[in-house]
Amino acid sequence: MIRDITIGQYYPVDSVIHRLDPRVKLMGTLIYIISLFLFKSFTGYLVALVFLGAVIKLSRVPLGYILRGLKAVIVLLFFTIGFNIFLTPGQVIWQAWVFKITREGLRSGAFMGIRLIFLIVGSSLMTFTTTPNHLTDGLERLLGPFKRLHMPVHEVSMMMSIALRFIPILLEETDKIMKAQSARGADFESGGLIKKAKSLVPLLVPLFVSAFRRANDLAMAMEARCYRGGEGRTKMKPLKYGRRDYIAYGMIALYLGALFLITRYLWK
Amino acid sequence: MSIILDKVNYEYSKGTAYEKKALRNINLEIRDGEFIGLIGHTGSGKSTLIQHLNGLLRATSGAIYYNGQDIYDEDYKMKDLRSKVGLVFQYPEHQLFETTVLRDVKFGPSNQGLPALEVDLRAYEALKQVGIGEDMLDLSPFELSGGQKRRVAIAGVLAMKPEVLILDEPTAGLDPKGRDEILDQIAKLHQENKITVILVSHSMEDVAKYVSRLIVMNRGEAVFDGSPKKVFRHYKELERIGLAAPQVTYVMNELAERGVMVSTDATTVEEAGAEILQWAKKCGII
């Protein structure tokens, strides 16, 4: 059940994408996300689909596994598409009571839905192929210049990596507590909204307690190893760009160029 | 009356990189009133197996019968099964959530839909059985010591009056005194209430002293099943799969090899002591 939530987790296989420098993947994801907002026609999605498909293929993460991550945001997706379909003004093609569907609404619903799916699949691909440690390293290096402005770059990236690292741990813990309470006859599924909310108490209280306990243990373990923040801290494996990474940057530029050309000049 | 497992298989996360066969073709019969030790090292499938017994996990293939009824039947009530087969998880103290000890123990029986008086009675009785005094009933469970928390959590399952009690490593992380107390209380429950007990452990010493039947798991398979004496005869094979027989088994085997005429079947220190004394008397040493 709860194991099925795959979003934000690392998927351990060996692939070209997995071996890329995390900075490439971070920048690539950022560019990809921005690129999705640069066009207004469906042809743009075709280009993005080709790019995304190629990356998925190269990453060797099973497509079914990636798509399962969408389950977590299905409600959001549902609302986005729903609001767009019903609330966009324009040429009415169907009407019942106060609800009306317009041609423009259908189009923008589909457009937004696809964009959301592309956003989620693309960004989750980054976490599937990058370990939390790598991600932090990459982020810290990329944000490095902001240190001059007294931004706590190291702290922020450390916090992010801990948060990411704890997602699977807390999920597992939730699963365990859920099972333990089910064994005591707890029922998390049936009943109305209030009963359901109440039934979460036996789950949430132990979960909070355990999250605090783990945070405490982690802080202790870090202090025991003399962790004092980022000041003067060196890396055992400093990040270094290789040939592969430059090629990847090239590919990203190529994608952006193709997207620009196709959506602006070929099929508007 | 029994639990029967027929060719049970279980696979985790099928179709992903995490895919793992956790149980392979398990055939078992657990009869009423048995005291069973389930042994295997980490990842051998013992925790997975016990979660099948009260329906928390559903077998990928195979069938499980509780008192003759198929628990995967569509109209079988899982909730009833869960109150008949009580499962105490590893580190059960992590599941405590109520404001007082008493209220936490009452959670299970009140989920069973019993009248309030019956719920109270059962909670008091269960707490007494695990040796939690009346002065602690109104404390917050988070104020108790580790061993006390664990006993409260066990009482939470006992208060449901299960016919079968399964405990997953109930002594993990306890000191020797706490360990002995809990195991003695479980043995007492087994004797007095005539309930079936399944004790999951990786400590042979703990288990040998109490159980009448041992099931050894390795890589998802039940490799040995029999009385402790019978299982420990295979101590060399047990070592090969990362387990060991109780230390006295080694002592007795070593003695026998060196020509001391003792039976190698002893599994507890007491038995071994008696056996050696008997031999010494026979030879006229004492």
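In helix 6 of chain B, the buried residues (buried meaning under 20% relative accessible area, with exposed over 50% and partly exposed in between, for a 1.4 Å probe and protein chains only) are Gly178(B), Ile182(B), Leu183(B), Gln185(B), Ile186(B), Ala187(B), Leu189(B) and His190(B). This is a predicted model, in which local features need pLDDT of at least 70 and side-chain atom pairs count only at pLDDT 80 or more, whereas totals for chains, interfaces and linings use all residues. Residues are numbered from 1 along each chain as its sequence is written, chains are lettered from A and ligands numbered from 1 in the order in which they are written, and side-chain values use heavy atoms, with hydrogens and water left out.

**Helix 6 of chain B**

- Helices (H or I, at least four residues) and strands (E, at least two) are DSSP runs, numbered from the N terminus.
- The 18 residues of helix 6 (residues 176–193) of chain B should span 26 Å at 1.5 Å a residue, and the end C-alpha atoms are 25 Å apart, which agrees; the expected span is 1.5 Å times one less than the number of residues.
- The cover over the buried residues of helix 6 of chain B, judged by contact (heavy atoms within 4.5 Å), includes strand 3 (35–39), helix 4 (116–129), helix 5 (146–158), strand 7 (164–168), strand 8 (196–201) and helix 7 (204–210) of chain B.
- Lys194(B), just after helix 6 of chain B, takes a positive phi of about 55°.

**Two buried strand residues of chain B**

- Val200(B) is found in strand 8 of chain B, and it counts as buried because its relative accessibility is 0%.
- Not counting residues up to four places away in sequence, Val200(B) touches Leu38(B), Lys46(B), Ile50(B), Leu167(B), Asp168(B), Glu169(B) and Pro170(B).
- Of these partners, Asp168(B) lies 32 residues from Val200(B) along the chain, yet their C-alpha atoms are separated by 4.8 Å.
- Asn218(B) has its place in strand 9 (residues 213–218) of chain B, and with a relative accessible area of 15% Asn218(B) is buried.
- Leaving aside neighbours within four places in sequence, Asn218(B) is in contact with His41(B), Ser44(B), Val223(B) and Ile241(B).

**Interface of chain B and chain A**

- Contacts join 25 residues of chain B to 24 residues of chain A.
- About 2100 Å² is buried between chain B and chain A, 61% of it on carbon and sulfur atoms; buried area here is the accessible area (1.4 Å probe) that two parts lose on being put together, summed over both.
- The count between the two chains is one salt bridge, a term that requires a side-chain nitrogen of Lys or Arg within 4 Å of a carboxyl oxygen of Asp or Glu.
- Asp104(B) forms a salt bridge with Arg184(A), and the closest N and O atoms are 3.1 Å apart.
- On the side of chain B that touches chain A, the elements giving two or more residues are helix 2 (78–84), helix 3 (101–111) and helix 5 of chain B, and the largest share, four residues, comes from helix 3.

**Chain A as a whole**

- Chain A has 11 helices and two strands, which follow the pattern α-α-α-α-α-β-β-α-α-α-α-α-α when read along the sequence.
- The C-alpha trace of chain A spans about 65 × 60 × 40 Å along its principal axes, and buried residues make up 40% of the 268 residues in the chain.
- Among contacts in chain A between residues at least 6 apart in sequence, 75% join residues at least 24 apart.
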